[in-house]
Structure formats: C-alpha cells, structure tokens
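Me: I am new to this structure and would be grateful for a close look at a single part of it. Please describe one helix near the end of the chain and then set it among its surroundings.

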Amino acid sequence: PRLVNSNVLLTGLAQCGGCGAPMQRQTGKGGKYQYYRCSSKLREGACSGHAGTGLSAATLDSVVLDRLSDHLLTAERVQAIVAEVAANRAAGEDQAVHSLGQLHAQRDKTTKKLANLINALAEGIVDATETFKATLKATEADSERLGQLIESQKRILDSQLKAISLDQAAELADKLRAKLLKSAPSLQKRIIRSFVSKVVVTAEEIVIIGAKSDLAEVITGTR
C-alpha cells in the first residue's frame, strides 16, 4: 500500500482516538480500496494507544458529512447555537468597550511621548544618541502595536452576533448544507475546516469537535 498525499477530505482533521496521531489516507490493492489509518502505526508499526484504528475512507467521509448535514445544520440547532454565542458575546460587550477605551488612552499617551521625543530632537534639547534612537524606535513600535490592538478590538465589537429567527436559521442552514454536500472535495474540506477542529476516530465511535462560535460566524457570515 502507499500513502496518498492528495487533498483528501479529512486530512489534518482525522485523529486516532488511541494515541492522538493524525490519520492518513492509504490505498490498497492497486488503489481499489482507500482507508484512513493511524499515522503512528503506519510509521512505527504500532499505535502507542494500542488502537491503530483504520476505517474505510468512504465510510468516514460519509459519516462526517451526514452528521454535519443532518444533525448539526438544522434550523433548530443553528438557531440555538447562534443565540448562545450571541448572548455570551453580549455579556462581555461592556468589558470589550472598556478595554477599547483603555487602549485608546494608552495610544494617546504613547503618541504624546513620541511627539515629545521628536520635538526635543528638533529643538536640540537632546542628541540623536544610540539610546535616544532605541527609545524612539521602541515608542514607535508601541504606537503601532496599540493601533493594531485597537483595530482588532473594533472588529470584534463591530462583528457582534445577533440572534436569528427560526426561518432565518433554516435558510442559512440550507445554504451551507447544500454547499457542503454538492461542492467539490477541495471546497468541502475548506467548509468543514471552517468550523470543525478535529474528528477523533476509535473503534467504537467517531467524535466531531469544533467551536460553536466558529459555526455561528460561518453561518451568519460575520467571519
């Protein structure tokens, strides 16, 4: 058998439930059959978790797509998840606004310090020593860093989620489900990775793991 280094659906997501190693897609019998197998077992001959799980690639891909489309991307689940994430973020909005105010105050202070340094140099109060240059450079870096933090915090506040109706949830879920099921494997993979962080595979079960906030953002288009 040989390992297939193609853009397969669950590359980077499928994980052996025994040892935690990534699962790799493998072909056998001239490419007729394809499997996901524990990469640790393939490399070293054994799985440290004594599992070394292997599963038909078609079966694992189908199970993941079916679970996502039939059990996650439903109007009720999507509405509930978006509402939960929106409520959690709204609860932290006051703190986010306070943090933004603190960042603005820090940048104003840094901007004033930078202006004072430049004016002092221009008026001959200080010389352009290596120490002065280092201080100036560090202050400029602080100003740039604070600016980036402010923009990041603004984006977080601007992209606050709002709860959606059941009809809206149904429409959004239908659109994402159709795209997930009808797209080429490369796009299917990108869609899955946008809200699924890993798929843990054991002989007894397949566990799909991801953050609710990621799905809420993908569904509502706020990402």
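Reply: What follows is an account of one helix, its neighbours and some further contacts in the chain. The model is predicted.

The helix chosen is α8, which covers residues 212-220. Four of its residues, L215, A216, E217 and I219, are buried. These buried residues pack against several other helices, namely α2 (57-72), α3 (75-91), α6 and α7 (185-195). Directly after α8 comes G221, a residue with a positive phi near 75°.

Of these neighbours, α6 (residues 166-182) may be taken up next. The axes of α6 and α8 come within 9 Å and cross at roughly 95°. Angles of 65 to 115 degrees count as roughly perpendicular, and α6 and α8 are therefore roughly perpendicular to each other. On the α6 side, the contact is made by L172, A173 and L176. On the α8 side, L215, V218 and I219 take part. Two of these, L215 and I219, also belong to the buried residues of α8.

Helix α6 also holds A169. With a relative accessible area of 0%, A169 is buried, because the limit for that term is under 20%. Leaving aside residues up to four places away in sequence, A169 touches A75, V78, Q79 and I164. The C-alpha atoms of A169 and R77 are separated by 8.6 Å, although the two residues are 92 residues apart along the chain.

Helix α3 is linked to α8 by a charged pair as well. In general, side chains of opposite charge can pair when their charged atoms come close. Here K212 forms a salt bridge with E84, and their closest N and O atoms are 3.0 Å apart. K212 lies in helix α8 and E84 in helix α3, so this pair ties together parts that are 128 residues apart in sequence. Both partners are partly exposed: K212 has a relative accessible area of 42%, and E84 stands at 35%.

Helix α2, another of the elements against which the buried residues of α8 pack, has a salt bridge of its own. The side chains of D61 and R25 meet at 3.5 Å, N to O. Since D61 lies in helix α2 and R25 in strand β3 (residues 23-28), the pair ties together parts that are 36 residues apart in sequence. D61 counts as buried at 11% relative accessibility, and R25 likewise counts as buried at 15%.

The count of salt bridges comes to 8. Another of them lies within a single helix, α5 (residues 130-158). There the side chains of K133 and E130 meet at 3.8 Å, N to O. The two residues are 3 residues apart, about one turn of the helix. An α-helix has 3.6 residues a turn, so residues three or four places apart point the same way. K133 is partly exposed, with a relative accessible area of 43%, whereas E130 is exposed at 60%.

Helix α4 (residues 93-122) completes this description. L121 lies in α4 and is partly exposed, with a relative accessible area of 34%. Together with I125 and V126, L121 makes a nonpolar surface patch of about 240 Å². V97 is also found in helix α4, and V97 is partly exposed, at a relative accessible area of 46%. The C-alpha atoms of V97 and Y33 are separated by 55 Å, and these two residues are 64 residues apart along the chain.

To return to the helix with which this account began, α8 has buried residues that pack against α2, α3, α6 and α7. It crosses α6 at roughly 95°, and its K212 pairs with E84 of helix α3.

Conventions. Residues are numbered from 1 along each chain as its sequence is written. This is a predicted model: local features need pLDDT of at least 70, side-chain atom pairs count only at pLDDT 80 or more; totals for chains, interfaces and linings use all residues. Side-chain values use heavy atoms; hydrogens and water are left out. Patches are made of residues with over 30% relative accessible area and no salt bridge: like charges are joined within 9 Å, nonpolar side chains (Val, Leu, Ile, Met, Phe, Trp, Tyr) within 5 Å. Accessible areas come from the Shrake-Rupley method with a 1.4 Å probe; for residues, only the protein chains shown count as cover. A salt bridge is a side-chain nitrogen of Lys or Arg within 4 Å of a carboxyl oxygen of Asp or Glu. Buried means under 20% relative accessible area, exposed over 50%, partly exposed in between (1.4 Å probe, protein chains only). Axes are lines fitted to C-alpha atoms, for helices over the stretch in contact, and angles run from 0 to 180 degrees between N-to-C directions. Angles under 35 degrees count as roughly parallel, over 145 as roughly antiparallel, 65 to 115 as roughly perpendicular and the rest as oblique. Contact means heavy atoms within 4.5 Å.
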